[in-house]
Amino acid sequence: MNDALVCEDVKVHFGGVKAVDGVSITVAPGSLCGLVGPNGSGKTTLLNAVTGLVPLTAGRITAHGEAVAGRTVPQIARRGVRRTFQAIRLLSTLSVVENVALGADDGRRLLDGLLRPGRSARADRVSRELARDALERVGLSGVGDRLPGELPYGHQRRVEIARALAARPRLLLLDEPVAGMSVEERREIADLLLELKAEGLTQLLVEHDLELVTRITDHLVVVDFGRVIADGNPDETVRNEDVREAYLGR
Ligand code: ADP
């Protein structure tokens with residue numbers, strides 16, 4: 001079986017800034033892989049490269065055996081690669097269920113439904129059904145008709161995860177999904193990610209909370225200055241000298 005994600009010597013340079021500078025990572029199907037590193041070490045840029053938001057300067061990325069380079073963001077998304085963003089990106093004037101429905105089929109069905117009422121009513125219904133399933137999956141089945149701004153912050157984060165889940169992805173990339181959350185909310189999200197893993201979803205988790213990451217991941221990759229400095233078993237990896245220095249030494 002193909003690995004869910006393979007990055008081979010990936011470089012993303014912005015002029016003289018070497019945001020990602022030769023990263024190789026393999027994420028096995030069904031695994032929950034952590035990606036950690038100090039601020040500015042290139043984690044978000046790598047997720048952007050995997051999802052097609054920034055072009056590669058060099059290297060190769062494949063998701064489930066298919067090359068990502070040269071494909072657009074929607075093309076990559078349609079191949080089952082979905083993500084959440086560091087900052088919450090929900091549309092404030094759409095209901096929660098409509099926001100989540102935008103994640104099903106890139107929102108095309110929902111937009112069709114809004115722009116051509118009647119003609120696309122069925123497509124719209126499919127997106128909304130997928131959205132309601134995803135909301136139920138993240139424990140928010142009762143809030144579909146509310147506006148995102150009416151929900152507590154921790155629930156807005158879950159709505160984002162639901163939007164990524166609505167298209168039933170094979171690979172989910174999570175960019176700091178527990179940032180700004182309470183200890184209790186963090187635990188709930190950690191439990192949700194473990195449940196998704198138990199259902200077979202492959203995940204790559206970017207997160208600052210090392211305690212949480214080492215507790216729930218199978219495999220941990222540490223980057224610093226755009227390069228991998230450690231890769232392996234989470235408990236052993238966080239004890240690595242280079243990793244301790246990257247985190248504590250400056
Ligand atoms: P992390 O997610 O680990 O905090 P980032 O991937 O956001 O790190 O950033 C890595 C480096 O790349 C930083 O120095 C950042 O300023 C730079 N960078 C990221 N995106 C761009 C961009 N679009 N243009 C120029 N520099 C960028």
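# A tour from the cysteines to the parallel strands

Begin by selecting the sulfur of C33, which lies 9.6 Å from the closest cysteine sulfur, that of C7, and this is too far for a bond. A disulfide is counted here as a pair of cysteine sulfur atoms within 2.5 Å, and a search of the whole structure finds 0 of them. Both cysteines are buried, where buried means under 20% relative accessible area, exposed means over 50%, and partly exposed is in between, with a 1.4 Å probe and protein chains only: C33 has a relative accessible area of 0%, and C7 has one of 2%.

Before going further, note that this is a predicted model, in which local features need pLDDT of at least 70 and side-chain atom pairs count only at pLDDT 80 or more, while totals for chains, interfaces and linings use all residues. Residues are numbered from 1 along each chain as its sequence is written, and side-chain values use heavy atoms, with hydrogens and water left out.

**The antiparallel sheet**

Next, select strands β2, β1, β4 and β5 in that order, which is the order in which these 4 strands form an open sheet with antiparallel pairing. The edges are held by β2 and β5, each of which has a single partner strand, so one side of each is left without a neighbour in the sheet. Strands (E, at least two residues) and helices (H or I, at least four) are DSSP runs numbered from the N terminus, and two strands are said to pair if DSSP finds at least two bridges between them.

Starting at the β2 edge, β1 and β2 pair in the antiparallel sense over 8 bridges, and F14 can be picked out opposite V17 in β2. On to the next pairing: β1 (residues 5-14) and β4 (residues 58-63) are antiparallel over 5 bridges, with K11 standing opposite A58 in β4. At the other edge, 2 bridges join β4 to β5 (residues 66-67), again antiparallel, and T62 stands opposite A67 in β5. If you then select the turn, you will find that β4 and β5 form a hairpin with 2 residues between them, and that H64 in this turn has a positive phi of about 50°.

**The ligand and α1**

Now select the ligand together with the residues around it, that is, those with a heavy atom within 4 Å of it; they are F14, V17, A19, P38, N39, G40, S41, G42, K43, T44 and T45. By class this shell has 4 nonpolar, 6 polar and 1 charged residues, where Ala, Val, Leu, Ile, Met, Phe, Trp, Tyr, Cys and Pro count as nonpolar, Asp, Glu, Lys and Arg as charged, and the others, Gly among them, as polar. Both β2 (17-27) and α1 (43-50) supply at least two residues of the shell, and the largest share, 3 residues, comes from α1.

For the polar contacts (pairs of N or O atoms within 3.5 Å; within protein, one must be able to donate a hydrogen and the other to accept it, and residues adjacent in sequence count only if both atoms are side-chain atoms), display the backbone. A polar backbone atom of G40 is 2.8 Å from an oxygen atom of the ligand, one of S41 is 3.0 Å from a ligand oxygen, and one of T44 is 2.8 Å from a ligand oxygen. Taken alone the ligand exposes 560 Å², and the protein buries 58% of that; such areas come from the Shrake-Rupley method with a 1.4 Å probe, and for residues only the protein chains shown count as cover.

Staying with α1, colour its residues by burial: 7 of the 8 are buried, so the helix is largely enclosed by the rest of the structure. The buried residues are K43, T45, L46, L47, N48, A49 and V50. Just after α1, G52 takes a positive phi of about 90°.

**A loop serine**

Select S31, in the loop between β2 and β3 (32-36). S31 is buried, with a relative accessible area of 11%, and a polar atom of its side chain lies 2.7 Å from the backbone oxygen of A28.

**The parallel strands**

Finally, move to β7 (residues 171-175), where 5 of the 5 residues are buried, so this strand is largely enclosed by the rest of the structure. L171, L173 and D175 point one way from β7, and L172 and L174 the other way. In a regular strand the side chains alternate between the two faces of the sheet. Strand β6 (residues 81-83) runs parallel to β7 and is joined to it by 3 bridges, with R83 opposite L173. Another 5 bridges join β7 to β8 (residues 202-206), also in parallel, and T202 in β8 is the bridge partner of L171.
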